[in-house]
Every structure is written in C-alpha cells, then in structure tokens.
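Visitor: I have a structure open here and would like a guided tour of its contacts. Could you take my questions one at a time?

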Amino acid sequence: MQEELPGGYAGKILRVDLSQNRTWTEAWTAEMCRTCIGGVGLGIKILWDEVPAEVSWDHEDNRLVLATGPLAGLPAWGTGGLTVVTRGALTNGATNTQANGFFGANLKYSGYDAIVLQGRAPEWVYLYIHDDTVELRDASALLGKDTWETQETLEQMLDLTGHQLSVYTSGLAGENQVRFAAIHGDYGHVASKNGCGAVMGNKRLKAVAIVRGSKALRAADPRGLWMAAQEIAEDLQYDPSTRSLYEYGTLPGVSGLSRLGALPIKNYTTNVVPEGVDMSQWTAQGLREGFDHRGHQCNSCGMHHCHAQVLPSGPHQGAIVDEPEYEGWSGAGWAFGCTDPVATSWLNTQVDRACVDVNEFGWLMGWVVECQEKGYVTKEQLGGLTITWGDAEAANALLQMIIRREGFGDVLAEGVKRASETVGGPAAECAIYAMTGNTPRGHDHRARWEEMLDTCTGSGGTLDSGPPVLPTEMGQPARINPFDPDAVARMVGGTRGRRQFEDSLGTCIFTTRTLLSILCRTLSAATGWDFTKDEALLFGRRTAALMRAFNIRCGITPDLERPSKRYGSVPVDGPAQGQDIGAHWEHLLDVWYDMVGYDRQTGKPLPATLEDLGLSHILADLWDAREATHAGT
Amino acid sequence: MKVLRITPQRCTGCMRCEIACSYEQSGVFQPAKSVIRISPFEAHTSYAPYTCTQCDEAWCMVACPVNAITISPVGAKIILNDLCVGCKLCTIACPYGTMFYDPDTAKATKCNLCGGAPACATACPTQAIEYVEAESADWLGSFAAERAETQLAQQA
Ligand code: SF4
Ligand code: SF4
Ligand code: SF4
C-alpha cells in the first residue's frame, strides 16, 4: 500500500525521457517531501544524484527540472510558481530560477508536483499534459515562433483559452541555444537565469503545455490554511516594508535606486541621471498611470503587480505589452542609456518574446554601445548597424540577430562575458559580469555591495540570498551601513537559506515577503507538519550547501568568485562616488566564508557544516579522509 | 435580496474565486468543480467571472422534469441531489451557461450562494465579486451594455 503523503502535494513526479519518447511517474515518499519540500530543494537533489561532473549543460543526460511545491495551487497568494533547476549554460553549474503565472497550479491540478526532463528528442517536440494524458507531440508547427506566438498557436491548436492552458517555452532563443536564453510562460513570466532556455532548446523541447487539470488538492488543515493565507495577504497590504510592493510591484525601483547611485546607467559609466530626463515619468505612479493598464496577476494572487499595458505613443503606439518589472526598466532601458519609458516598455516585451534574460541583455547592449562609441566594435562587425545610447530600435535589431545567431549576433549570443573575451583588448575590460558566469541583476552593485558579494558567490546563476527580508528574524540587524564590509558580509552570510526555502514552496518571491513564522504556519497547515523557522533555515542552508557542492563538483572554484573589471570598478560620480568594493574584496570573502561555514581555500562546505546540515552522506564525495580531518582548522 | 455583483473590469483572472468555490462546495481545492468560472476576453488581457445570477425567470427550474430545483432561504436556486436524475436538461435550458454537470456524481451542479456567505466574494482580492443588497439579481444586462466601453485598447 502506498504510504499517505502530507497534504498539499499532488503526489507524483513526472519523468520524461525525450530520447526514448518515454514518460513515467515516480511517487514521493513522506520523508522525501519533508527533506526536499519541492522547487529548488527537490531540483538540486535530482541534479546531485543524476548529473555527474562529465555531464555538461549541453549533454543529453543533463536534467531539466521544472518543479512546483506544496503550496502551488492552494489559496495563498501567488501559487502558480515554477522553479527551474538544471545545469545551466552560462556557468555550466547549478541553476535556480523562478517564474510565476499558472504553471504550478495547472500542473498540480493535473496530478504532478514536478517534471524532470532528460535526453534529447530526435525531432522538435512539445510536452502536452492533461491529467493522466502525457504526450510528446510534434512541434514543427511551433518552430520559429516567439514566446507569445507559441502560446497563441497552442491555444488555437488545443482549443483552450485563458488560464485553462499554461504554456512555457524558450522561444527562438532556445531553439538556437542562445547561452542566456530563458524560459517564458503565460505572457510575461520568465525564469531567466543561467541559460535554462538553452538547455530546453538543446533537448529539442519547444514548449510545455499544461491543461488546468481536474484533480483535487487537499490540505491537512484547510481552515488553518485559509487563515494563514489571509494573514499573509494582510501583512503584504499593510506592513510598511511591503506596502509599496503590494501597490506597485517593483516599479518604485527606478526612482528609489537612482537616489542611491544603484540604478545602472550607460554600462556603469555614470550614476547621474542625464540632464533633461523627466524623472516624474519614472516614479512608480508615473510608470503605472502613464499607460492604459489592466491587472494580469498569477494564480490566486492579490498583489497589484503584474499588468498588461498599452503603449500610448511612439512607433508602436497601441501595442499590448507586459508591464516591465524593475529589471526590465533597467535591462531594456537604463543599462544601455534608454530613458524613455515607452520605448523601454516595448523593448522589454520584445526581450520576453525573443526569450532571453533581460539583465544579461542589458549588460550586453550597454557593452556594445560603449564599444562602438569607443571604436572597439565597428559598424561593419555589427552588419552595418549603428547603435547609440538609448536606441531601442537598434537594440531590438541586435536582439533579433542574437536569437537567430546571425552575423555578430552569434558572438553576442554567447553572453557578455564570452563576447567581450572574444573581441578582447580594451573591449574585454568594459563588460559587466561575475567571473563564474552568474548574471548580475539590474542594479549598479557598486552601490549595493551585498548583491555584488551575493552574485559573485552565488551557486544558482545569480544571487543566492537576495535582498534580506525581515533580517531580524534571522538574528541579523534590521539595517546596516551598505559600505561597511564586515556588516555587508555578515548580512549576506547570515541570511543565507531563507531564499532557498521560499524557492521550494511553489509560491512567488513577492508573496513570501512576510515573516518566516507565517510561511511556516502556512506550510504546516497545508502539509500537516509542525514546521518551524529553525527547520526552514536548516532546510534552506542545506539546499544552498548542496548547490555549492554540485558546483564544486562541476569545477567552479573560489578563484572565480570576483567581479569583472567593470563590474567591480569604482563609481566616478553620483551618491556612491569613490566607494571601492575591490579594496575590501578579500575581506568580504573571508567574513562571508566564516559565516556560512565553507572552506575559504577550496570553497567546499566544511565537514562540520555538512554534518550540521544533515549532509554527511556527501562528505566522502567532497573531501578525502585526510583533507577532512584538517579542513577548517 | 442579496446578490453576487460582478464588476468585470476589476477581475485580473487570478482564479482565486474558483479555488475558493471548489473548496466550499467539496472540501478540496479542485477548480474543475467550481461553479464560478473565469473567461478570458481580448486575448489574454481581460477576464470576467460568470456564475448563476439566480435570475428571476429560472429556466432551469422550469425545465427540470423531476422538480429537483428549488429556492433556498437566501434566494438561491439549488439542486436537490436526492431528486436530480442527471438528465442535463437544466444545463441546456440555462441561457447563461451557468448550470454545470458533474460527471463524478452524475448530477447537475450550480452556485448555491454558499448558503448566504459566498466563498468567491470573500476570496476575490480585487472586489470583482461582491455580495450586496440589490433590487434584482439580473445584473447581466447592464454588464453587456457597458462592456464595449471598458475594453482595453486593441492592438493597432
Ligand atoms: S506578486 Fe506578481 S509575480 Fe508574484 S504571484 Fe503575484 S502577480 Fe505573480
Ligand atoms: S440535471 Fe437534475 S436538476 Fe437538471 S434538469 Fe435534470 S434532473 Fe433537473
Ligand atoms: S478572484 Fe476575483 S479577480 Fe480573481 S479571477 Fe475571481 S473574480 Fe477575478
């Protein structure tokens, strides 16, 4: 008899071997639910167990895990979550990247908590899921289509509308294995990091189409679950720290960060808003009300976050686009000098439709413009194209070359690190990236040291800890001096683990910006566990350490944990002028390593750390016996 | 009487009402069993909920050959499961398409206003569904008239 599973779970993991055109399911065990939870916790276990060192990102034995979690499909806010875990194309190491929309809900109502893909299809296919019907179907009608077209075509082919069908695809960028290709779904939700879309393309999987299934999800304590969901909703609406996120999503970022010198402007060449830019257009209200808009929220979400909007003017007037996130305003705008909200909004949706990571795209465009301006990259190299600061049309022309790998687009399709190394000379010195290949998010991290440290040490394709949420709950100060290296490293190290817990629940990063204790109560009501804050952090740190161990096994070592020359440079103007993170870099690492319990020389989690986290079983994989006795002493 | 007042322009298509409805009706989270449904309009940019308006004419009641539909104390047309023979006549008779058939029970199923505390209205984060006093339950007419004006601009 099958053992009874905790509430919240659909109960099965869907396995797909694309090479063999074979699908099967695996049951969870109750113990596995509790130790892996879902999302990145489940994904990294699968990577560790099934993707050895010699299986690189583009090897057919690489795994692409599309996971939800125990809260997906339940009535807490934002429960359509998707976590993508794979060995990614930019770092050739672990990936942990999220999207929302309806994927998680539709999949669980069809009876599955996660999809694990392996192999490579002989011909392009898409994966169709509706309850017990799981099929790899011919995708030739979808080839060459962008993300929105792919979804529209599948809606027509399957005769389904709205959220009855959730479609995730990697667009044309995925088809051509652009190294920073993303996975996009449901008109505007993107799991963007570490080239997860390139992995999908490498497997010749054009799309995953999930019908909103007909199965039931149960909660161990449904009344408790409704109450916890209500508590989260009220906290998000009324707490001063989350109120603007509730009202405006990430829109306040542009004006807020510009005042701290943390808005990246023109490839980090300045931190001063150019003269003549009307910043009143760039406030949260300006960006929301500057467009005709309508809410377009994810499964069960009450945040005033995602919206569809209409371009009010310009060459694409009347086009329906997805309201950009802060990351879009920055990557498809400020990073390469575009300060026109309408042009940026348009370009941002082109990026989503093309299906690349908007952060990497921004750094790439900023680099190209600067290189052309300085003569490091010529007009001839760009196929006759001239791109100047802020030219969104030219940026789109380059984007289209990138996703088709045409001309110089083939070089750019490798991402800014490799492109700048290929061009070499002085061009190599003005590109923004972390040496591991992790893509920095869309800020100027020279004024946000926590994120630069986090990005350079992160194991999942970008940062690991993220901006601290309620750090006092984790024994950290509420606020620190952002340029105090000790405080910065302690904050990043001391908040490690919370993000990995959030990323395992099947929820959204924004709707989990509440007390950990409330999240634990929600999880417990769903599952029937007595989950505590301590268990949540232990789980998160274990997951983070396993990701780190996986990367060590992939050959990603601590000598790579530093910013590129431009990324780690000193701001020449603006509020953070003269702040030099490079002067403190080794010290930041020393303190961070000490906080997280990893070995400063080899980067490995120390034997004692592994034991504390319940990872003794991997000790022998990481350390030989003699080393282990000396490590950390 | 109190009715479900629906303001489609507020609906974001989050489907939370469907989750709540299915829970209230069946004790599990299973939107396929929800008797309020969300439909998309204008590609993916607009959504609107629809459910039984508890309309005065009540074609379902008229059509039912075994008198399995009656009116509850809160004014909802409800199905008496013991009497329903699952003939589906009511689903054809309802002009709004808000009478459903549940293949698992082989009976008709519809909104019963949750006995006077509609779960969808409580769950909706945008007040697109409210449970309010009204003279008539028939709000669909005005909705249709206003609809044309409230569409999000169409792609040029
Ligand atoms: S906060 Fe935004 S991204 Fe997150 S679930 Fe809600 S609408 Fe979706
Ligand atoms: S399905 Fe049931 S309620 Fe509907 S008309 Fe037939 S017997 Fe009456
Ligand atoms: S809960 Fe409200 S906003 Fe969400 S789909 Fe239902 S009616 Fe629309």
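Visitor: Gladly starting with a ligand: which residues surround ligand 2?
Guide: A friendly reminder before we begin is that this is a predicted model. Chain B supplies the shell, with the cysteines C64(B), C84(B), C87(B) and C90(B) among its members. The other residues around ligand 2 are P65(B), V66(B), I69(B), V85(B), G86(B), K88(B), L89(B) and A108(B).

Visitor: How many residues of each class does the shell around ligand 2 have?
Guide: K88(B) and G86(B) are both part of this shell. Lysine counts as charged and glycine as polar, while cysteine counts as nonpolar. By class, the shell around ligand 2 has one charged, one polar and ten nonpolar residues.

Visitor: Which residues come nearest to ligand 3?
Guide: The surroundings of ligand 3 comprise 14 residues. By class these are ten nonpolar, three polar and one charged. Those that come nearest are C11(B), C14(B), M15(B), C17(B) and C124(B).

Visitor: How is chain B divided into domains?
Guide: One of the domains of chain B is written as two segments, 1–51 and 115–156, and this is domain 1. The other is domain 2, at 55–110. Their contact takes eleven residues from domain 1 of chain B and ten residues from domain 2 of chain B. So the division, which comes from a domain assignment, reads domain 1 (1–51 + 115–156) and domain 2 (55–110).

Visitor: What area is buried between domain 1 of chain B and domain 2 of chain B?
Guide: Carbon and sulfur atoms give 59% of this buried area. The rule also finds two residue pairs in polar contact across the interface, both residues at pLDDT 80 or more. The area itself is about 980 Å².

Visitor: Which side chain meets D104(B) in a salt bridge?
Guide: The count between domain 1 of chain B and domain 2 of chain B is two salt bridges. On the domain 1 side, the residues by class are four nonpolar, four polar and three charged. The N to O distance for the pair you ask about is 2.7 Å, and the partner of D104(B) is K33(B).

Visitor: Moving to where the chains meet, how many residues does each of chain A and chain B bring to the contact?
Guide: The area buried between chain A and chain B is about 2900 Å², with 60% of it from carbon and sulfur atoms. On the chain A side, W226(A), R294(A) and I320(A) supply 25% of the area buried against chain B, more than any other three residues. The contact takes 31 residues from chain B and 42 residues from chain A.

Visitor: Which residues form the salt bridge between chain A and chain B?
Guide: The count here is one salt bridge. Side chains of opposite charge can pair when their charged atoms come close. The N to O distance in this salt bridge is 3.9 Å, within the 4 Å cut-off. The two residues are R212(A) and E18(B).

Visitor: Which element gives the most to the side of chain A that touches chain B?
Guide: Across this interface, the rule finds nine residue pairs in polar contact, both residues at pLDDT 80 or more. Three elements of chain A each supply at least two residues to that side: β13 (292–295), β14 (307–310) and α7 (222–238). With five residues, the one that gives the most is α7(A).

Visitor: Within chain A, how far apart do the C-alpha centres of domain 1 and domain 3 lie?
Guide: The assignment for chain A gives domain 1 (12–211), domain 2 (223–430) and domain 3 (448–630). In the contact, 40 residues of domain 1 of chain A touch 35 residues of domain 3 of chain A. The C-alpha centres of these two domains lie 26 Å apart.

Visitor: Which residue meets R34(A) in a salt bridge?
Guide: The area buried between domain 1 of chain A and domain 3 of chain A is about 3000 Å². On the domain 1 side, R34(A), W48(A) and L71(A) lose the most area, together 30% of what that side buries. The side chain of R34(A) also pairs at 2.7 Å, N to O, and its partner is E535(A).

Visitor: How many residues apart are E429(A) and K565(A)?
Guide: Their side chains meet in a salt bridge at 3.2 Å, N to O. E429(A) sits in the loop between α16 (416–423) and α17 (449–457) of chain A, and K565(A) in the loop between α21 (533–553) and α22 (585–596). The pair links distant parts of the chain, 136 residues apart.

How values were computed. Residues numbered from 1 in each chain as written. Chains lettered and ligands numbered in written order. Predicted model: local features only at pLDDT ≥ 70, side-chain atom pairs only at ≥ 80, totals over all residues. Heavy atoms only, no water. Contact = heavy atoms within 4.5 Å. Buried area = accessible area lost by both parts, 1.4 Å probe. Polar contact = N/O pair within 3.5 Å; in protein donor to acceptor, adjacent residues only side chain to side chain. Helix = DSSP H or I, 4+ residues; strand = E, 2+ residues; numbered from the N terminus. Near = heavy atom within 4 Å.
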